Amino acid sequence: MKILIASSIDSEAIKQLQEKHDVICAFNADEAKLKALIVDREVLIFRSGVQINAAVMGQAPQLKFLVRAGSGLDNLDVEYAQSHEIKLVRVPQPGAKAVAELAFAMMLSLSRQMIRADVLLRKGRWIKSELTGFLLTGKTLGIIGMGNIGSRVGHLGKAWGMDVLGCVEHPSPERAAAFLEKGLRLTSCEEVLETADYVSIHVPLKDSTRNLIKSPELARMKPGAYLTTLARGGVVDEQALYHELTAKGRLAGAGLDVHLQEGEGKISPLAKLENVILTPHIGAMTIDSQREIGSRVINLMESFAKENEL
Ligand code: MLT
């Protein structure tokens, strides 16, 4: 099969694909480069960081199969793919484990001022008395978007002795009962924002979630609460968050793995603040998760080749 791999995936998986197929690798290419490389391709494998729009797919008359080696579909024109009968498969589960753990790591780091402690100690500063923090145990964890990733964050919260509540876009009594069986309480977004000590955002980026968390929503959060987002840049209004993090008596800190502007050389306006942790969209970047995604991609390719006698 003629495959274009447009984002970096596990190197072992790439090697195995290269042994059996005609593979072009071009990671994070711009539109012009993608358009040039995709012309004769039958399969496209991609992650975040590239825009797979109609103009790009329109250059590839033989394109039959799209593999999203991860979760989000905000960088793909799904309507175009559907209307041109291009099969689409996502591999969301392995990355979800890693994203949930990073969300938790951020909450712990923020609560215990770990980054500040490390930076200062490297300069010889032993300010033990200033480096107090908070327990997560006994606190309320609020999840905005209790789906595949958000519910995993909730389970970690339960294991840590937190009271967990969350909201979803389409609540129902059945979903509420299923969550409750696992110790997670489904409620409104308003209640999540108003009662949680730690709010963690895990919604996909789409029209209904763009700027979902802006000034009025942030203003609902408790004084001293923490916010983490591992969803997508554009879900949280960064200017409004900056304001809440610098206003006296408002939010204690924030952790962001996703940003409005992403990529080499881009610096978030929040980088000026000490009570913020910023990471470069590394939520799914554990070796374990990427290996698992890689081996699932191989299996998908084998089944697709068999089904289509390629
Ligand atoms: C995802 O949606 O799976 C994550 O953003 C990871 C990625 O593909 O870069």
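1. Salt bridges. In this predicted model, the salt bridges number 19. Three of these pairs are taken up below, followed by the ligand site and two single residues.

2. E302 and K20. These two side chains form a salt bridge, with 3.4 Å between the closest N and O atoms. E302 belongs to helix α12 (residues 287-307) and K20 to helix α1 (residues 11-20), so the bridge ties together parts of the chain that are 282 residues apart in sequence. K20 has a relative accessible area of 59% and is exposed, because the class begins over 50%. E302, at 38%, is partly exposed.

3. D22 and R41. A second salt bridge joins D22 to R41, with an N to O distance of 3.2 Å. The partners sit in distant parts of the chain, 19 residues apart: D22 is in strand β2 (residues 22-25), and R41 is in the loop between α2 (31-38) and β3 (43-46). Is R41 buried or exposed? R41 is buried, because its relative accessibility of 2% falls under the 20% limit. D22, in contrast, is partly exposed, with a relative accessibility of 36%. The pair also has company: D22, D40 and R41 are linked in a network of salt bridges.

4. E191 and R185. The closest N and O atoms of this salt bridge are 2.9 Å apart. Both partners are partly exposed: E191 has a relative accessible area of 26%, and R185 has a relative accessibility of 39%.

5. Residues around the ligand. Which residues surround the ligand? They are R47, S48, R68, G70, S71, G72, R232, H281 and A284. By class, this shell holds three charged residues, five polar ones and one nonpolar one. The nonpolar member is A284, because Ala counts as nonpolar, while Arg counts as charged and Gly is placed among the polar residues.

6. Polar contacts to the ligand. Oxygen atoms of the ligand have polar protein atoms at short listed distances from three residues, as follows. For H281, a polar side-chain atom lies 2.7 Å from a ligand oxygen. For R68, the contact is also made by a polar side-chain atom, at 2.8 Å from an oxygen atom of the ligand. For G72, a polar backbone atom is 2.8 Å from a ligand oxygen. As for cover, the ligand taken alone exposes 260 Å², and the protein buries 91% of that area.

7. T229. This residue lies in strand β10 (residues 226-229). T229 is buried, because its relative accessibility of 2% is under 20%. The T229 side chain reaches the backbone nitrogen of A231 at 3.4 Å. With neighbours within four places in sequence left aside, T229 is in contact with I201, V236, G255, L256, D257 and V258.

8. V78. Helix α4 (residues 78-83) contains V78, which is partly exposed at 24% relative accessibility. How many residues apart in sequence are V78 and L300? The separation is 222 residues, and from C-alpha to C-alpha the two are 19 Å apart in space.

9. Points to check in the viewer. For the salt bridges, look at E302 with K20, D22 with R41 and E191 with R185. At the ligand, look at the side chains of R68 and H281 and the backbone of G72.

Note on methods. Residues numbered from 1 in each chain as written. Predicted model: local features only at pLDDT ≥ 70, side-chain atom pairs only at ≥ 80, totals over all residues. Heavy atoms only, no water. Salt bridge = Lys/Arg side-chain N within 4 Å of Asp/Glu carboxyl O. Helix = DSSP H or I, 4+ residues; strand = E, 2+ residues; numbered from the N terminus. Buried < 20%, exposed > 50% of the residue type's maximum accessible area, 1.4 Å probe, protein only. Near = heavy atom within 4 Å. Polar contact = N/O pair within 3.5 Å; in protein donor to acceptor, adjacent residues only side chain to side chain. Areas by Shrake-Rupley, 256 points an atom, 1.4 Å probe, with all protein chains shown as cover. Contact = heavy atoms within 4.5 Å.
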